[in-house]
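User: I'm new to this one. Here is the model; where do we start?

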Amino acid sequence: MIQLFAQCKTAGMGNAATIQRLFDLFNEGRIDDGRVLLDAEIEWLEPPETIGRNIATGPDAALAALKNWNDQFDSLRAETTELREEDDRVLHALQQFARARGSDVEITGELYMVWWFRDGKAVRMEMYNTREQAEEAFAR
C-alpha cells in the first residue's frame, strides 16, 4: 500500500494552504475530494525529462496522473521541505522516499511542483526534478 506523508513547515497561507490540503487529502487516501480545489481546465505537467511524460488537462486527468505516478512504486512517502507563495503561484518542494515495484531498495530524490491559481483554484501544475527549473518557472 502506498502512503504519502506530508510534514509542512509553512501553513495557513492562501493558495499554499490549498496545496497543503491537497497533499493532506492524498495522505488520507481521499485525493478525489480535492477535485473541488482544481479548476475545470487545470493543466498537469510531469517533469520535462520524464520518459513518456504525462500532460493532463482537467481534474479527472490530473488526478489520474497523480494516481499513475504513485502506482509506479510499492511504497512512496514525501515530506514537504518548502511551501512558498507569491501572487498567484506556489512553489512546493518535496523530498521523496520511494521503493520501485519489485525492489527492496529505497531511492530518495527531490521533487518540485509549481502551481498557478485563479479564483482560489489550481489552474496549472508543473513538476520539476531540479530546484533551478522550478525557480525559473516560479519566477514567470
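**Inside the sheet**

Analyst: Start with strand β4: 9 of its 12 residues are buried, so β4 is largely enclosed by the rest of the structure. Buried means under 20% relative accessible area, exposed over 50%, and partly exposed in between, with a 1.4 Å probe and protein chains only. Strands (E, at least two residues) and helices (H or I, at least four) are DSSP runs, numbered from the N terminus.

User: Any ground rules before we go on?

Analyst: This is a predicted model, where local features need pLDDT of at least 70 and side-chain atom pairs count only at pLDDT 80 or more, while totals for chains, interfaces and linings use all residues. Residues are numbered from 1 along each chain as its sequence is written, and side-chain values use heavy atoms, with hydrogens and water left out.

User: In what order do the strands form the sheet?

Analyst: The order is β2-β1-β6-β5-β4-β3, in an open sheet of 6 strands with mixed pairing. Two strands pair if DSSP finds at least two bridges between them. At the edges are β2 (55-57) and β3 (73-86), each pairing on one side only. From one strand to the next, the twist averages 20°.

User: Back to β4. How many bridges join β3 to β4?

Analyst: 12, and those two strands run antiparallel. A78 has Q96 in β4 as its bridge partner. On the β5 side, 11 bridges join β4 to β5, also antiparallel. There, F97 stands opposite T108 in β5.

User: And the turns?

Analyst: β3 and β4 make a hairpin with 2 residues between the strands. D87 lies in that loop and has a positive phi of about 55°, although it is not a glycine. Most residues other than glycine have a negative phi. D87 counts as exposed, at 64% relative accessibility. The hairpin of β4 and β5 has 5 residues between the strands, and G102 in the turn has a positive phi of about 80°.

User: Which residue in the loop between β5 and β6 should I look at?

Analyst: Try D119, which sits in that loop. D119 is not a glycine, yet its phi is positive, about 55°. At 76% relative accessibility, D119 counts as exposed.

User: What about G109, where is that?

Analyst: In strand β5. G109 is partly exposed, with a relative accessible area of 23%. Q95 is 14 residues away in sequence, but 5.8 Å away in space, C-alpha to C-alpha. Contact means heavy atoms within 4.5 Å. Leaving aside neighbours within four places in sequence, G109 is in contact with L94, Q95 and Q96.

User: New topic. Which strands does helix α1 touch?

Analyst: Helix α1 (residues 14-27) packs on the sheet, touching β1, β3, β4 (89-100) and β5 (106-118). Its direction makes about 170° with that of β3. Such angles run from 0 to 180 degrees between N-to-C directions, with axes fitted to C-alpha atoms, for helices over the stretch in contact. Helix α3 (residues 131-138) lies across β3, β4, β5 and β6 (121-128), at about 155° to β4.

User: Which residues of α1 are buried?

Analyst: Among them are N15, I19, L22 and F26. T18 is in α1 too, and counts as buried at 12% relative accessibility. T18 touches L37, F117 and G120, not counting residues up to four places away in sequence. Just after α1, G29 takes a positive phi of about 75°.

User: Which residues have the most contacts inside the largest nonpolar core?

Analyst: W44 and W115, in a core of 30 residues. A nonpolar core is a set of buried Ala, Val, Leu, Ile, Met, Phe, Trp, Tyr and Cys residues joined through side-chain atoms within 4.5 Å. Elements giving two or more residues to this core are α1, β1, α2 (59-71), β3, β4, β5 and β6. A second, separate core has 10 residues, including A93, V114, A134 and A137. W115 touches I19, L22 and W44, among others farther than four places away in sequence. W44 also stands opposite A56 in β2.

User: Last one: where is the pLDDT below 50?

Analyst: Over residues 1-13. pLDDT is the predictor's confidence in each residue, from 0 to 100. That stretch has 34 contacts in the model beyond near neighbours in sequence. Where pLDDT is low, the predicted coordinates should not be read in detail. The protein chain averages a pLDDT of 85, and 91% of the residues score at least 70.
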